[in-house]
Amino acid sequence: MKWINNILPETNLQKFIFIFLPFACGYFLSYLYRSTNAVLAPYLSNDLNLNAEQLGLITSAYFLTFGLFQLPLGVLLDKFGARKVQSVLFLIAAIGAILFSLGNGVWSLVTARGLIGLGVSGALMAAFKAFAVWFPKERLPLLIGLFMSAGGMGAIVASTPLEMALQITDWRGVYLFIGIVTIFVGILIFFVVPEKQENNYNEKPLPVLKVLKHIYTSYAFWRIGPLSGIAGGTGLAILGLWAGPWLSDIGKFNKNEIANILFISTIMMTIGTTSLGIITDYLRKFNISPVGVMGGALFVFIIPLTIITFGIMPKAIWPWVVLSITSLAATLAYAGLSQHFPTSYAARASTAINLICFLMAFIAQYTIGFIMQLVEPGKQSGYSIKAYQAGFGLFLGLLIICYIIFIIMSVLEIRKNKGETSKGNSA
């Protein structure tokens, strides 16, 4: 099948089949890995006698290695291409999944989960790199919205279908099966995705550190990055683990009801992300940027997070649905930031956002469990609303602060651009 890599797709249908779909399968697996422990948490706790802090550490190890690898990932993607890098990484993820299925202690599971995070760390960025090479920049928001729906499908499978699978096998069997599937997807990407020589003749090559300095010191990064990182990271931390325990402890739902609530939420998230991409692409005609859409959606994101944090409506499902839909609005920052930089280091621009997002997810997922354990030491389940208020409330406060900073910097940038336009017209 190696010959396929030498055939360049020309039509949109060919690009969809040979570029979009293989990477979409990879992102499906990435989100499946990310979301499984929201359902598996009680099984892991019961089988291995884990408390909230230990459960948070095991689950968040995925985000730690995922986040830490973002800087070298961007360099590797820009140098070697998405196909080669992602194929190798998926083999690492498969090894991690198989080791997780064999783990018996906290640190063996932390190590295995960390390998999974490392292995799928390029699932999103590799796709964005490929899209940046094959598609025009103005179409990226639409492509990202459609692509994110593949992740939503992974999250859907990690809800009610996963609970049903646990009637056939246990959590070890689940991870073993996903590990095997990951090997096949890595092989698929390697043999099916084509190579394309980037046309960067007009772009002067820059040293790696100079490129990173350019990105991380830019006004655009500091306006977009902190808000996107705290919102995306908090959403990942809660929806990837703590949603299940909250629904059990505060909502008083049983395991099947929790799986169904997560199922409904992830279906709506999938619909929402696709719609968000279409809406963003449409609003582009009215000069409304992806970052502007992100700002509006994340304002809505604060509302259900506040309701959930304070346990105001414990039996209501809609806050979780709205939280799921709006949490992924943070991904619009990828398209927003990449438009400020050349294609030759588009991957490094996107991974700059990803670095903040996934390190924050690691910090949030572990810290929430740590705080809950401090508030109610000795517990392994049945935490009170006070414990969740303390854990969730810390990151709700940080989110509000980052949102205010985002608004201030956006207003200043608008004024600056208007001033420059006025000077240009006067000249």
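In the predicted model described here, helix α13 is largely enclosed by the rest of the structure, because 14 of its 20 residues are buried. The length of α13 agrees with expectation, since at 1.5 Å a residue its 20 residues should span 28 Å, and the C-alpha atoms at its ends are 28 Å apart. The helix is followed by G311, a residue with a positive phi near 60°. Although α13 is largely enclosed, this helix also gives the most to a nonpolar surface patch, to which it supplies three residues. The patch covers about 660 Å² and is made by F299, V300, I303, F310, I312, M313 and W318. Of these residues, I312 is placed in the loop between α13 and α14, the latter comprising residues 318-327, and I312 is exposed, with a relative accessible area of 54%.

Considered as a whole, the protein chain contains 17 helices and zero strands. The chain has 427 residues, of which 58% count as buried. Its exposed surface amounts to about 17,700 Å², and 69% of that area is supplied by carbon and sulfur atoms. When contacts between residues at least 6 apart in sequence are considered, 85% of them join residues that are at least 24 apart.

Helix α9, formed by residues 171-192, offers a further case in which length can be compared with expectation: at 1.5 Å a residue its 22 residues should span 32 Å, and the separation of 31 Å between its end C-alpha atoms agrees with this. The buried residues of α9 are W171, V174, Y175, I178, G179, T182, V185, G186, I189 and V192. In an α-helix there are 3.6 residues a turn, so residues three or four places apart point the same way. Such a spacing can be followed in the buried residues of α9, among them W171, V174, I178, T182, V185 and I189.

Several features concern helix α11, which comprises residues 219-249. Side chains of opposite charge can pair when their charged atoms come close. A search of the whole structure finds two salt bridges, and in one of them R223 is joined to E413, with the closest N and O atoms 2.8 Å apart. Because R223 lies in helix α11 and E413 in helix α17 (residues 385-426), this pair ties together parts of the chain that are 190 residues apart in sequence. R223 is buried, with a relative accessible area of 10%, and E413 likewise counts as buried, at 19% relative accessibility. A salt bridge is also formed between the side chains of E376 and K379, where the N to O distance is 3.6 Å. In this pair, E376 counts as buried at 16% relative accessibility, whereas K379 is partly exposed, with a relative accessible area of 29%.

Helix α11 also contains G232, which is buried, with a relative accessible area of 6%. Although G232 and L328 are 96 residues apart in sequence, their C-alpha atoms are 6.5 Å apart in space. If residues up to four places away in sequence are not counted, G232 touches S327, A330 and C357.

The residue D249 is likewise found in α11, and D249 is buried yet has no salt bridge. The nearest side chain of opposite charge is that of K252, at a distance of 6.3 Å, and this does not meet the cut-off of 4 Å for a salt bridge. With residues up to four places away in sequence left out of account, D249 touches S381, G382, Y383 and Y388.

Positive phi values in residues other than glycine were also examined. N49 has a positive phi of about 55° although it is not a glycine, and this residue is found in the loop between α1 (12-48) and α2 (52-68). N49 is exposed, with a relative accessible area of 52%. For N287, phi is positive and near 60°, again in a residue other than glycine, and N287 lies in the loop between α12 (255-283) and α13 (290-309). N287 is exposed as well, its relative accessible area being 75%.

Technical notes. Residues numbered from 1 in each chain as written. Predicted model: local features only at pLDDT ≥ 70, side-chain atom pairs only at ≥ 80, totals over all residues. Heavy atoms only, no water. Helix = DSSP H or I, 4+ residues; strand = E, 2+ residues; numbered from the N terminus. Buried < 20%, exposed > 50% of the residue type's maximum accessible area, 1.4 Å probe, protein only. Lys, Arg positive; Asp, Glu negative; His and termini not counted. Contact = heavy atoms within 4.5 Å. Areas by Shrake-Rupley, 256 points an atom, 1.4 Å probe, with all protein chains shown as cover. Expected span 1.5 Å × (residues − 1). Patch = residues over 30% accessible without salt bridge, like charges linked within 9 Å, V, L, I, M, F, W, Y side chains within 5 Å.
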